[in-house]
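Got your viewer ready? Keep the selection box handy, and we'll go from stop to stop together.

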Amino acid sequence: MSRVDTTAVRPAPGPRPGPVHGAERGSVRESVSLTDQVVLDASRPLWITHLRPDPRRLTLAVVSIARLRERGPHDLAALRARYLTAAETEQAATLRAPRRRVEWLAGRLALKHAVSAHGRRHWGLAREPRTVEVRAVSGGLQGGRPVVDAPVEVGLTHSGDFAVAVCGPHAVGVDLEHDRPMPPTLARLLDEECDPRAPSADARRLAAMPATLRWTCKEAVLKYYGFGLRIDAGEVALTGWLPDGRFTWRPGGGLLRHAPVAETRRPAGWAGVVADHHLALVERPPGG
């Protein structure tokens with residue numbers, strides 16, 4: 001492969017931990033801001049990091065769709081031949097729109113590199129990215145959710161020039177949206193959920209959160225459960241946004257009816273703006 005390759009990956013600058021709230025390391029109250037840990041740079045073909053704090057055991061990979069768009073048909077065909085399994089190659093052949101083919105390939109590369117890097121870091125396994133097979137759940141409310149042939153859960157999102165994949169030992173939801181105006185009707189609906197005069201400082205801060213970021217939070221929650229927008233985003237009611245980036249929310253009855261019965265604790269969420277993009281990450285809470 002010419003530009004996106006394991007040999008092209010250099011260790012990312014050491015992530016700087018944000019403020020820690022709570023007492024012991026790994027406690028439920030511990031939280032570390034992710035803003036300084038995620039790099040969105042369209043000039044970088046591939047960027048990988050292991051998110052702090054270490055107990056969360058999450059690996060994040062970013063592939064530049066912009067760089068892939070610069071490649072000619074021959075280079076893209078070589079990438080597919082090198083990194084895709086037979087089943088993935090068959091699926092890629094069904095995608096007719098050139099833009100969609102590039103985005104799909106970027107997502108597969110991000111997932112494969114995330115799983116490979118996660119295995120090296122946490123299992124001591126030297127598994128090449130090309131050997132990781134990515135499939136999708138077929139049918140049902142979780143139809144389309146990506147899964148891999150490794151004992152990990154994965155999340156995937158695309159927006160603008162980037163595909164972002166997250167990999168870890170527990171369920172994870174991630175969503176990325178480029179900074180752009182929301183449709184007026186949707187922006188009004190999102191604003192109706194917020195009260196700028198709320199007694200809680202966290203709720204007032206939520207009212208000041210960009211509408212696109214609020215939408216990103218809702219999508220990340222729904223992706224955590226594998227539903228995506230098959231469940232109405234109104235089933236995720238945001239309730240607050242903390243100074244360190246964590247956001248709080250409560251589920252609606254429709255979401256509770258479909259969520260796994262074993263899910264006894266509400267997933268933890270983080271949201272922030274990175275390089276003109278709105279990013280939200282949802283994961284199982286520590287100790288959950």
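Two strands pair if DSSP finds at least two bridges between them. Helices (H or I, at least four residues) and strands (E, at least two) are DSSP runs, numbered from the N terminus. Residues are numbered from 1 along each chain as its sequence is written, and side-chain values use heavy atoms, with hydrogens and water left out. You're looking at a predicted model, where local features need pLDDT of at least 70 and side-chain atom pairs count only at pLDDT 80 or more, while totals for chains, interfaces and linings use all residues.

**Stop one: the sheet**

Select β7, β8, β9, β10 and β11. Together they make an open sheet of five strands, in the order β7-β11-β10-β9-β8, with antiparallel pairing. At the edges sit β7 and β8, each pairing on one side only. Tilt the view and you'll see the twist: neighbouring strands are turned by 25° against each other on average, direction ignored. (Axes are lines fitted to C-alpha atoms, for helices over the stretch in contact, and angles run from 0 to 180 degrees between N-to-C directions.)

Now walk across. Start with β7, residues 172–178, which runs antiparallel to β11 and is joined to it by seven bridges. To find the spot, pick V174: its bridge partner in β11 is L281.

Next, colour β11, residues 277–283. Seven of its seven residues are buried, where buried means under 20% relative accessible area, exposed over 50%, and partly exposed in between (1.4 Å probe, protein chains only). Show the side chains: H277, L279, L281 and E283 point one way, and H278, A280 and V282 the other way.

Step on to β10, residues 268–274, which pairs with β11 in the antiparallel sense over seven bridges. A268 has E283 of β11 as its bridge partner. The hairpin of these strands has two residues between them, and A275 takes a positive phi near 50° there.

From β10, move to β9: two bridges join these antiparallel strands. R246 is the one to click, with W270 in β10 as its bridge partner.

Last in the row is β8, residues 236–241, with five of its six residues buried. Five bridges join β8 to β9 (residues 246–251), again antiparallel. Click A237 and you'll find R250 of β9 standing opposite. The hairpin of β8 and β9 has four residues between the strands, and G245 takes a positive phi near 105°.

**Stop two: the helix on the sheet**

Add α7, residues 211–224. This helix packs on the sheet, touching β7, β8, β9, β10 and β11, and its direction makes about 150° with that of β7. Contact here means heavy atoms within 4.5 Å.

**Stop three: a loop residue**

Go to L242, in the loop between β8 and β9. Is L242 buried or exposed? At 17% relative accessibility, L242 counts as buried. Leaving aside residues up to four places away in sequence, L242 touches D202, R205 and T248. Try a distance label to W270 as well: the two are 28 residues apart in sequence, and 9.0 Å apart in space, C-alpha to C-alpha.

**Stop four: the rings**

How many aromatic pairs does a search of the whole structure find? It finds two. Rings of Phe, Tyr and Trp (its six-membered ring) pair if their centres lie within 6.5 Å; planes under 30 degrees apart count as stacked, over 60 as edge-to-face and the rest as tilted.

Select Y224 and Y225. Their ring centres are 5.0 Å apart and the planes are at 90°, so this pair is edge-to-face. Then add F227: the rings of Y225 and F227 have centres 6.0 Å apart and planes at 20°, so that pair is stacked. Ring pairs link Y224, Y225 and F227 into a cluster. Y225 is buried at a relative accessible area of 7%, and F227 is buried too, at 3%.

For another ring, zoom in on W249. R266 lies over its face, 5.7 Å from the ring centre. (A charge sits over a ring if NZ of Lys or CZ of Arg is within 6 Å of the ring centre and within 35 degrees of the ring normal.)

**Stop five: an arginine in a loop**

Finish at R71, in the loop between α1 (65–69) and α2 (73–83). R71 is buried, with a relative accessible area of 17%. Show D75 too: a polar contact of 2.6 Å joins the two side chains. That term covers a pair of N or O atoms within 3.5 Å; within protein, one must be able to donate a hydrogen and the other to accept it, and residues adjacent in sequence count only if both atoms are side-chain atoms.
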